[in-house]
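Here's a quick tour for anyone meeting this structure for the first time. Take a look at it, then read on for a few spots to find.

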Amino acid sequence: MTDTSGATPIGRRTVLIATGATAVALAVGAAAPEAPTADAAPAAAAVCTLTKEMTEGPYYLDGQYVRADVTEGKPGAPLKLTLTVVDDDTCVPLSNALVEIWHCDALGEYSGFVGNNGHSEPDDGTFLRGGVLTNSGGVASITTIYPGWYRGRCVHIHVKVHTNVTLTSDGSFTGGRELHTGQLFFNETITGRIAALSPYSTNTVTRTTLAQDGIYDEGGAASGLLTLTALGGSASSGYAGTLTLGVEQS
């Protein structure tokens, strides 16, 4: 499958993704999620489902910071990600795996590439990029904002999982082994609510939906669709997003 943004798909291998009750069972030592509010997207079936990796895309940058909050003051609805990494053969959680994310801001601009989506803003090359090491339960918790969108793609977040990285004195990382490259996706109804908020509503590019996207394959959680739970009584309060990723270590 070809990325409409011009990137060439990477080699594919199967990975395991689970959500809902299975994610809680696999995340040894992880706290149980709060009960969904009325705004929550329906949880996927609590089963372990094999899926395929997805394209890295054209906007990856090496050497980003290891940090739990990647927002850097960027405006947008809060997004609290809880991503659990497990071995796909044993379902045992992987500790000390680096879970790295990167995504565009509310106007569809990526740090390091500002202007590609037609908007002018400061660019420090690091906003909405970074990652954290998983804890003993395989859990990585990252604070960011709900992504915007850019030309030809639905709302999404890119994710990589690395093992055996070396942390550097400047707050970044080097080395290690990359086990997974994928993308995280969002419930279309909730995205519609977010899109009506400022500053998302000032994005001048027409939004591509999940059904129109050339990468997302309508596979639900098996294709990276997050389980979303409202953090408050309105879309502006933001969402918690959860997903369990099983990766091949062999």
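Tyr59, Tyr110, Phe113 and Tyr150 come together as one aromatic cluster. Keep in mind that this is a predicted model. Across the structure there are 8 aromatic pairs, and two of the ones in this cluster are spelled out below, followed by a few other spots.

**The aromatic cluster**

- Tyr59 and Tyr110 are a stacked pair, because their ring centres are 4.3 Å apart and their planes sit at 25°.
- Tyr59 is in the loop between strand 2 (49-52) and strand 3, while Tyr110 is in the loop between strand 4 (98-102) and strand 5 (129-133), so this pair ties together parts that are 51 residues apart in sequence.
- Tyr110 also pairs with Tyr150, this time edge-to-face, with 5.4 Å from centre to centre and 75° between the planes.
- That second pair links distant parts of the chain too: Tyr150 belongs to the loop between strand 6 and strand 7 (156-163), 40 residues apart from Tyr110.
- Are these tyrosines, Tyr59 and Tyr110, buried or exposed? Both Tyr59 and Tyr110 are buried.
- Tyr110 has a relative accessibility of just 2%, so it counts as buried, the cut-off being under 20%.
- Tyr150 is buried as well, at a relative accessible area of 4%.

**Charges over rings**

- Lys74 lies over the face of Phe127, and the distance to the ring centre is 4.1 Å.
- Over the ring of Tyr60 you'll find the charged end of Lys160, 4.9 Å from the centre of that ring.

**Strand 6 and its partner**

- Strand 6 covers residues 139-145, and 5 of its 7 residues are buried, so the rest of the structure largely encloses it.
- Strand 3 (residues 78-87) runs antiparallel to strand 6, and 7 bridges join the two.
- Want one bridge to look for? Leu83 has Ala140, in strand 6, as its bridge partner.

**Asp213**

- Where does Asp213 sit? Look in the loop between helix 2 (188-195) and strand 11 (227-230).
- Asp213 has a relative accessible area of 7%, so it falls in the buried group.
- The Asp213 side chain reaches the backbone nitrogen of Cys154, at 2.9 Å.
- Leaving aside residues up to four places away in sequence, Asp213 touches Gly152, Arg153, Cys154, Phe185 and Thr208.

Methods:
Residues are numbered from 1 along each chain as its sequence is written. This is a predicted model: local features need pLDDT of at least 70, side-chain atom pairs count only at pLDDT 80 or more; totals for chains, interfaces and linings use all residues. Side-chain values use heavy atoms; hydrogens and water are left out. Helices (H or I, at least four residues) and strands (E, at least two) are DSSP runs, numbered from the N terminus. Buried means under 20% relative accessible area, exposed over 50%, partly exposed in between (1.4 Å probe, protein chains only). A polar contact is a pair of N or O atoms within 3.5 Å; within protein, one must be able to donate a hydrogen and the other to accept it, and residues adjacent in sequence count only if both atoms are side-chain atoms. Contact means heavy atoms within 4.5 Å. Two strands pair if DSSP finds at least two bridges between them. Rings of Phe, Tyr and Trp (its six-membered ring) pair if their centres lie within 6.5 Å; planes under 30 degrees apart count as stacked, over 60 as edge-to-face and the rest as tilted. A charge sits over a ring if NZ of Lys or CZ of Arg is within 6 Å of the ring centre and within 35 degrees of the ring normal.
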